[in-house]
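Open your viewer, get the selection panel ready, and follow along stop by stop. Here is the structure for the tour.

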Amino acid sequence: RGGGSTSHSNYEADGMALFATTQKKPVVIEKLPPDGATMAGACGVFFFCGLWSFAGGTSLPKMPVERRSSPRVPEKGWIVDRRLVKSLWLSAELPLLPTTSPGGRPRGGQVGPANAPDDETVRRSRYFGAHVDKEKVWLVGKGILREKGSLNLALPLDELEKPRFFGPYPELSLNLGVYVDEETGIVLGLGGEAGDFGMNFTQLADKRRKRNSRGAPDEDGVWLAKAPSLQSLIRDGFSFRIPAFDGFQEGCVDRYKACCEFDAKFSLTRLRDRVFVYARANLNETGGGRFVQVTSASRDALLDADKRDSPRWDPFQTIQFADRRSSLPFSSTKSLLLSPEETTTPTTTLPAGAGAAAGGGLPPLMPFLSLPPQCATAKEVLASYQTFRARRENDLYFFPVNPHPLDPELLLALFPLTIDDTCGLVALAVSRDGVRFTSPHPILSSETYRRIGRTFDHPVDGFLASPKDRYHPVPDFVEFLVQINVHDIAGNDTTDYPRRFAKFSFSLKALRAYTEHAKREWEAAFGDDLGAPSRQETRQRWRRS
C-alpha cells in the first residue's frame, strides 16, 4: 500500500474465512485457523447449509474460502484495542458504473446532465455518513467526478452497485454533513466551501464586493438544506437551501488561508437541545496542523427554518482535548497507553475535588494497546494532544461525532488522525458538552501518505446499533463502518487496491468500561461544570498551549 511494508487494504489474514450469502451480501459465518484440527467445524457449517437447502430453504451459492498470504492478521495488526473492537464484515468492492445502459446511469432527484456521474464516480467517493431508513443502511457522501466537481451520493450498504445521486445542490457535496432528527425524521444537510484557495483577505473581499454589486448569486459559503425525510432526500433531493454562515463567521480559525474554507467533511450531531457542527480548522500557517472547530444552533430553530429565515449560529470555538498527563497523572490512568511491559498495579485514586465520585477509585484497567512500530511517539502525543495539535506533522483530518450509543448525555467521536506524518490511527473521544473531549484513545491503525496528513482509511460518520425501546433501553450491539483505501489520498491515485467498507463491532462490556473511564477523565480535566467554555477562553488556552 503506497510502499508500505504491510497491507491491510485487502483485509489479508492467515487462515480461512467462510462466507455465505443469500442476497449477494457477504455475512461472516465463522473464522477458522489454518490447521486441520478445526476442519470438523467447517464441515458442520457446510453440512447444515446443505440440509437447509435440501429441505426447501433458499439455495446458497458456492462459499468462497479465502486464504491470505500476509502474516498480518487484522485482529493483531490492524485493530489496536483488541478487547474493545472486533472485526465483523467486509463489503464488496465499490463498483464501476456501466458506461451505457438502457435506462441511463442511476440518477436521483434533480441531477442534471451537466454534472452526470461517470463510471468511476462511486469508486472515487468519500466522506460518508451512515443513516438507517426502515432497517436499510444508507451511506450518504461525496461522489467525485473524473473531470471536475462532485455529486451528492447515497449508497445502500447491501447493494453498493445501486447508487443514488441526488440534487439539486451539488456544491453541498464538497463537505456535506447530514443530520436526521430522531423525533421528527426531518433531514438537515450542511455543506459548501467558503473562499477561494490562494486568495488573500483583500482579494477575497474585493471579489465578494464586485459579485454582490452585480447582483450575482453568492455561491461561496456554507448552506443549510432541508428534506422532510431520509427517503425523500434520496428520492427527490433537498427541498430548499438557505445561507448558514461564510468564511468570516465570528470565531472561526484558519491560519492557512484568507478565511475559513471549511475544506473537510462537516459532522452534525445533537446534544440535548442543541445541534453541534464540527468543521475543519487549519492551525498551521505553512500547512498541516489540521484540527477541529465547533459551532452550534438551537435544534428547534433549525427544524423550523424556512426559505425566509436563517438560524443564528454561535461563534466558532476550537475543541479541547484533556491533557492526560496533568489531569490524571497516575500509572493506573495511563494504562490506556501502556504496553504490557510497562504494566503497573493501580494503587492510586483520584484526588479530592478532581471530579471523582465518592470513593474515588478508577474503573478497571483498559486493555493494552498494540500500536504499530511507526507509532512509537503516539503514546506521548495522545496523552497530551492539546499540546501537539498545531504541529505541521500532526493532523486531525475530520471529526465525526454522534450521540453515545450507551449514554444519551454523552457524545462519542470516532475520527482519523496522523502523528509525525507516518502514524495513522482511528481514535475515540468522549464529551459531555460538545466542546471539550477526553484524550484520543486509538482503536485502529491505518497507513498514511506522508507529508499530506491523511490516513488511507476513513471512519464512516455514524454508529449502527440495535433499536432501543422501553423494554430494551440499551442496544444489543453497537457497530461502525470504515471506508478502506479512500480515493486520491496519495495525490495522483493510480493504485489498484480494492476500495470497500469494513464493519466492526464494539464489545459492549469493554465499551461501558471505556465510557466510565472517559467520564472520570473528563471530570478530572474539566470539572463538573457542563457549561462550554467561552470563545475567548478557548482562544486563550490555545495561545498558551
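Start by selecting Asp421, which sits in the loop between β20 (407-419) and β21 (423-431). Check its backbone torsions: phi is positive, about 70°, although Asp421 is not a glycine. Keep in mind as you look that this is a predicted model.

Stay with β21 for the next selection, and add Cys423 and Cys375. These two cysteines form a disulfide, with their sulfur atoms 1.9 Å apart. Which hand does the link between Cys375 and Cys423 have? The torsion about the S-S bond is about 95°, so the disulfide is right-handed. The pair ties together distant parts of the chain: Cys375 belongs to the loop between α6 (324-327) and α7 (378-383), while Cys423 is in strand β21, and the two are 48 residues apart. Are Cys375 and Cys423 buried or exposed? Both of them are buried.

Now look for the other sulfur link. A search of the whole structure finds two disulfides, and the one still to visit joins Cys252 to Cys260, S to S 2.4 Å. Show the torsion about that S-S bond and you will find 110°, a right-handed link. Cys252 and Cys260 are buried as well. If you number the bonded cysteines of the protein chain in sequence order, the pairing reads 1-2, 3-4. Cys259, by contrast, is in no disulfide; the nearest cysteine sulfur belongs to Cys260, 6.7 Å away. With a relative accessible area of 6%, Cys259 falls under the 20% cut-off and counts as buried.

Next, select residues 290-298, which make up strand β15. How much of β15 is buried? Eight of its nine residues are, so the strand is largely enclosed by the rest of the structure. Add β14 (residues 274-282) to the selection: nine bridges join it to β15, and the two strands run antiparallel. For a pair to zoom in on, take Arg274, whose bridge partner in β15 is Ser298. Then bring in β16 (residues 317-318), which pairs with β15 in the antiparallel sense over two bridges. Here you can pick out Gln293, with Thr318 in β16 as its bridge partner.

For a sheet you can follow from edge to edge, move to β5, β6, β7 and β8. Those four strands form an open sheet in the order β5-β6-β7-β8, and the pairing is antiparallel. Why do β5 (126-133) and β8 (164-166) each have one side without a neighbour in the sheet? They stand at the edges with a single partner strand each, so one side of each is left free of a neighbour there. Turn the view to follow the twist, which averages 30° from one strand to the next. Inside the sheet, highlight β6 (residues 136-144) and β7 (residues 150-156), antiparallel strands joined by seven bridges. Among the residues to label is Lys142, which stands opposite Asn152 in β7.

Continue past β8 into the loop that runs to β9 (177-180), and select Pro168 there. Show the backbone: the peptide bond from Gly167 to Pro168 is cis, with omega near 0°.

Jump ahead to His404, in strand β19 (residues 401-404). At 2% relative accessibility, this histidine counts as buried. Draw a distance from its side chain to the backbone nitrogen of Leu406 and you should read 3.0 Å. What does His404 touch, leaving out residues up to four places away in sequence? Its contacts are Leu410, Leu411, Leu412, Leu511 and Thr515.

One more backbone stop: select Asn485 in the loop between β28 (478-484) and β29 (500-506). Its phi is positive, about 60°, although Asn485 is not a glycine. Its relative accessible area is 3%, so Asn485 is buried.

Finally, clear the selection and colour the whole chain by secondary structure. There are ten helices and 29 strands to find. Of the 545 residues in the protein chain, 54% are buried. Turn on the surface, too: the accessible area comes to about 23,900 Å², and 51% of it belongs to carbon and sulfur atoms. If you plot a contact map, consider the contacts with a separation of 6 or more: residues 24 or more positions apart account for 65% of them.

Technical notes. Residues numbered from 1 in each chain as written. Predicted model: local features only at pLDDT ≥ 70, side-chain atom pairs only at ≥ 80, totals over all residues. Heavy atoms only, no water. Pairing = 2+ DSSP bridges. Axes fitted to C-alpha atoms, helices over the stretch in contact; angles between N-to-C directions. Buried < 20%, exposed > 50% of the residue type's maximum accessible area, 1.4 Å probe, protein only. Polar contact = N/O pair within 3.5 Å; in protein donor to acceptor, adjacent residues only side chain to side chain. Contact = heavy atoms within 4.5 Å. Areas by Shrake-Rupley, 256 points an atom, 1.4 Å probe, with all protein chains shown as cover. Disulfide = S-S within 2.5 Å.
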